[in-house]
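I opened a fresh page for this chain today. Come and look over my shoulder while I take notes.

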Amino acid sequence: MANKFNTYIESPSMEYWRELCLREGTLRHFDKGEYFFTAGHVARNLGYIKSGTLKYIACSEDGSEHVIGTINLL
């Protein structure tokens, strides 16, 4: 018998989030260098990146940026 306890905890699929963003969201363009979200601030939006490149960065104490990773969605 399969365990059916707390089935609400299961995460929706990525396709669910994509469809929700496309159906209910507003298309927005981010310029190169513009932040999608930043550490230390409450994220009040959910986003689906349709195309472009997303760059993950970390800033050192002196303010210099260090690239942690990139994702190309072209």
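These entries go from the whole chain down to single residues.

**Entry 1: the model.** I noted before anything else that this is a predicted model.

**Entry 2: the layout.** I looked up the secondary structure and found one helix and two strands. Reading from the N terminus, I wrote the order down as α-β-β. The helix, H1, covers residues 14–24, and strand S1 covers 53–59.

**Entry 3: inside and outside.** How many of the residues count as buried? I got 4% of the 74 residues in the chain. For the accessible surface of the chain I wrote down about 7300 Å². Carbon and sulfur atoms account for 55% of that surface.

**Entry 4: contacts along the chain.** I then turned to contacts between residues at least 6 apart in sequence. Of these, 20% join residues at least 24 apart.

**Entry 5: a nonpolar patch.** Which residues make the nonpolar surface patch of about 460 Å²? My list reads Met14, Tyr16, Trp17 and Leu46. I picked Tyr16 for a second look and placed it in helix H1. Is Tyr16 buried or exposed? Its relative accessible area is 43%, so I entered Tyr16 as partly exposed, the class between under 20% for buried and over 50% for exposed.

**Entry 6: Glu24.** I stayed with helix H1, where Glu24 is also found. Glu24 has 56% relative accessibility, and I marked it as exposed because the cut-off is over 50%. What does the side chain of Glu24 make a polar contact with? I found the side chain of Arg23, at 3.3 Å.

**Entry 7: Tyr48.** Next I went to the loop between H1 and strand S1, where Tyr48 is found. Tyr48 comes out at 37% relative accessibility, so it goes down as partly exposed, between the 20% and 50% limits. Which residues is Tyr48 in contact with, leaving aside its neighbours within four places in sequence? I wrote down Arg18, Cys21 and Leu22. With Arg18 I could add a detail: the side chains of Tyr48 and Arg18 make a polar contact at 3.1 Å.

**Entry 8: one distance.** Last, I checked Tyr48 against Met14, a member of the patch in Entry 5. Along the chain Tyr48 and Met14 are 34 residues apart. In space, their C-alpha atoms are separated by 9.8 Å.

Definitions and conventions: Residues numbered from 1 in each chain as written. Predicted model: local features only at pLDDT ≥ 70, side-chain atom pairs only at ≥ 80, totals over all residues. Heavy atoms only, no water. Patch = residues over 30% accessible without salt bridge, like charges linked within 9 Å, V, L, I, M, F, W, Y side chains within 5 Å. Areas by Shrake-Rupley, 256 points an atom, 1.4 Å probe, with all protein chains shown as cover. Salt bridge = Lys/Arg side-chain N within 4 Å of Asp/Glu carboxyl O. Helix = DSSP H or I, 4+ residues; strand = E, 2+ residues; numbered from the N terminus. Buried < 20%, exposed > 50% of the residue type's maximum accessible area, 1.4 Å probe, protein only. Polar contact = N/O pair within 3.5 Å; in protein donor to acceptor, adjacent residues only side chain to side chain. Contact = heavy atoms within 4.5 Å.
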